[in-house]
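Biologist: I would like a close look at one part of this protein, the place where two helices pack together. Please start there, and then set that part in its surroundings.

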Amino acid sequence: MAACTTPVLVVGAGPTGLAAALTLAQNNVPVRIIEKEVQHRRGQRGPGIQPRTLEVFHFLRVPEVNERSTFIPPLQEYNKGSLDALKTFVMSPYTEPTLTIPYYNPKLIGQQTLEAILREHLAKFGCTVELGTRLDSFTQDDKGVRAKFFKHRTDQAEEVEEVAEAAYLIGADGAKGVTRKQLQLTFVGSTWEDASIVLGDIRLEVKGLDREHWHHFGTTSKDMVSLRPTNELGQDGYQFLIGSRVRELKGLSQDEEALVNCIKELIGLGNDVNVKEVLWASEFRLAWEGFLLAEVQSPLMLDIMNCSLIFTLLSSDAAHVHSPTGGQGLNTSVQHAFNLSWKLALVYKGLSPASLLDTYTAERPPVTTEMLGLTTEILKLTYGECKTEGTQASTSGNEDAKKAEPNLERAKHRGKNMYMLGVNCRTSPIVVDEFAPTSTSGVAIVHNAYGSIQEGVLRGGDRAPDAPGLVPVVKSNCAAPNTLGISALALTEGLESTRLFDIFAPIYHTVLIFAPALADPIVASVLAALQQCVPENGLVRPVVVLPNSLPDLDVGVETSSVQDQAWGAEVLADQAGHAYRGYVIENDEVKVVAVRPDGVVGAIVHGAEGLGRYFDGVFGKRCVGEEVLQTEFSEGSFFVRSE
């Protein structure tokens, strides 16, 4: 497992590529990110950010995404030519955040704003997007990737060719990108012949139209236009969407005059509609459960060796093409990139075997498959039954037609499964859960990659819950020399409490050791196991979490051996019991939870043996035959933060 030296090349500077590059950069992996466009992309595009993705940006320390995004406004439905609302409803009813789920509501932020935020954070690591750089082709050998691309020069008429070496290549350049084409990935699925949409941004004034609602004129079964106000485009800015089952929209986005006339016609309010400026527009042909199929026999996909070429096409919309309904595509892709990048960083540095990368293909495709099914069902609710290529439209009778008639409120409703908080990888080959239920004879346990949050249930492979109110604990001066009596534990005066989400980070695992007392022998054995199984410091942050009440003052226990073995551990008291409840732990119970760099529970185990099995899967087998390293601490330095 030798470390690489050449950079990772990321192709495509949309949210997916930027998220991958930022995660790698935070892990001190050199990155180049190229983008074929000569200017940064315009357009709100897909603005929906789901709660789980907000958590990802929290772990990446990008608070601006949550701070600058807005909640989804209530929707109003109108007949064409009228501002008398037929119905007002909410797409996603507001849910009060909880102590374990601090981000519990989907929000909206335009992609051009999101990308600008991510670029600013990436620049802090000395990495900037290379605009006007078009990937042309690539090859691989046992040393890495050789990529040829052409760079646009403003002072030259012709592009300049460049050939660069890279350790890995991440294809985040979309379904029409070069990476997909060169790998010969096949599109599996179909598109609708009689349904397409035009999406774009405009500056618009409509007499009597407020900016507190998301406005829908017409019906999705025939003609409709929606207008969503967004101040990102100005005080008169809107994102529009035109959908039609009865008129041809092809070419409309390229003809500004025809586009403006179409918008005014669909609103139907004559001269009360003033389109000031078309900022951006694009056409979409709706896809029916489309995805890109890789030939599994391809050596380019299977020969993933150290410093060889890896195409992570599932980390972007280069891997799946689907309808824009549901607000899942961007979110799925960003989460793909986050899942992949922490693993790639470890392999790149030679700290993990290349087999760790195989777990990406085990964990993420099931999520994509279920996502495509969900968005397709929403598409049907929105536009009714489709006529796909080579098929006839259904004519099964009036009753079926009535059932298929779209209902805007029903189509726009978003259940909490769409928040992606239940997305999991419970069946991953590296997940270790010693508390998971086992299947009984003849009864299989059904796995759902798009699971739902269940109070009182936490399994390996689930998202790790948050928990605030954790207070640092120190050794009191009243302890006798060489003795850490339980009576000597005290809450730290003057230090603020912390939360688990502020401890989790994409650069290390967090090992939470829940124990009723610091002197519990399992605490010592777990800390000793970490010294054996983790290849270098900084890859794991161990945290001992004590229950909400410290033991009585008159009890003392000799714990000098524990003190010797408490390598890098910090100790927190769960004052209000939020962590113990969120992680389903009794006060007198010992349980060890390993939280991965992507905020996913990698292991829930009884102690050192189970934790060792988990880290064997991440770092390779390291524990057998190695001595337990002893770490000496000076008096009073028992509690050491990993920062």
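Modeller: What follows describes one helix pair and then some other parts of the chain. The model is a predicted one.

The pair consists of helix 2, residues 51-59, and helix 8, residues 329-348. Their axes are 10 Å apart and meet at an angle of about 40°. The crossing of helix 2 past helix 8 is left-handed. On the side of helix 2, the contact is made by Arg52, Thr53, Val56, Phe57 and Phe59. Helix 8 contributes Asn331, Val334, Gln335 and Phe338. Sorted by class, the residues in this contact are 5 nonpolar, 3 polar and 1 charged.

Take helix 8 by itself next. Helix 8 has 20 residues, and from its first C-alpha to its last it reaches 28 Å, close to the 28 Å expected at 1.5 Å a residue. Helix 8 is mostly covered, as 20 of its 20 residues are buried. Just after helix 8 comes Gly350, with a positive phi of about 80°.

Now go back to helix 2 and the loop that lies between it and helix 3, residues 64-68. Arg61 is in this loop. The phi of Arg61 is near 60°, which is positive although Arg61 is not a glycine. Most residues other than glycine have a negative phi. Is Arg61 buried, exposed or partly exposed? Its relative accessibility is 34%, so Arg61 counts as partly exposed.

Met420 can be set beside Arg61. Met420 also has a positive phi without being a glycine, and its value is near 70°. Met420 sits in the loop between helix 12, residues 408-412, and strand 18, residues 432-433. The relative accessible area of Met420 is 0%, so this residue is buried. Arg61, by contrast, is partly exposed.

Helix 6 gives another view of how a helix can be covered. Helix 6 runs from residue 256 to residue 267 and has 12 residues. Its reach from first C-alpha to last is 17 Å, close to the 16 Å expected at 1.5 Å a residue. The buried residues include Leu259, Val260, Cys262, Ile263, Leu266 and Ile267. These residues lie on the same side of helix 6, because they cover an arc of only 160° around the axis. In general, an α-helix has 3.6 residues a turn, so residues three or four places apart point the same way. Gly268 follows helix 6, and its phi is positive, near 80°.

One further loop shows a contact between parts that are far apart along the chain. Cys127 is in the loop between helix 4, residues 111-123, and strand 8, residues 129-130. Cys127 counts as buried because its relative accessibility is 8%, and the cut-off for buried is under 20%. If neighbours within four places in sequence are left aside, Cys127 is in contact with Val31, Ile33 and Leu122. Ile33 and Cys127 are 94 residues apart along the chain, yet their C-alpha atoms are separated by 7.9 Å.

Last, the whole chain. The protein chain has 17 helices and 25 strands. Of its 643 residues, 55% are buried. Among contacts between residues at least 6 apart in sequence, 77% join residues at least 24 apart.

Conventions:
Residues numbered from 1 in each chain as written. Predicted model: local features only at pLDDT ≥ 70, side-chain atom pairs only at ≥ 80, totals over all residues. Heavy atoms only, no water. Axes fitted to C-alpha atoms, helices over the stretch in contact; angles between N-to-C directions. Helix = DSSP H or I, 4+ residues; strand = E, 2+ residues; numbered from the N terminus. Left-handed = near helix turned anticlockwise from the far one by under 90°. Contact = heavy atoms within 4.5 Å. Nonpolar A, V, L, I, M, F, W, Y, C, P; charged D, E, K, R; others polar. Expected span 1.5 Å × (residues − 1). Buried < 20%, exposed > 50% of the residue type's maximum accessible area, 1.4 Å probe, protein only. Arc of directions from axis to C-beta.
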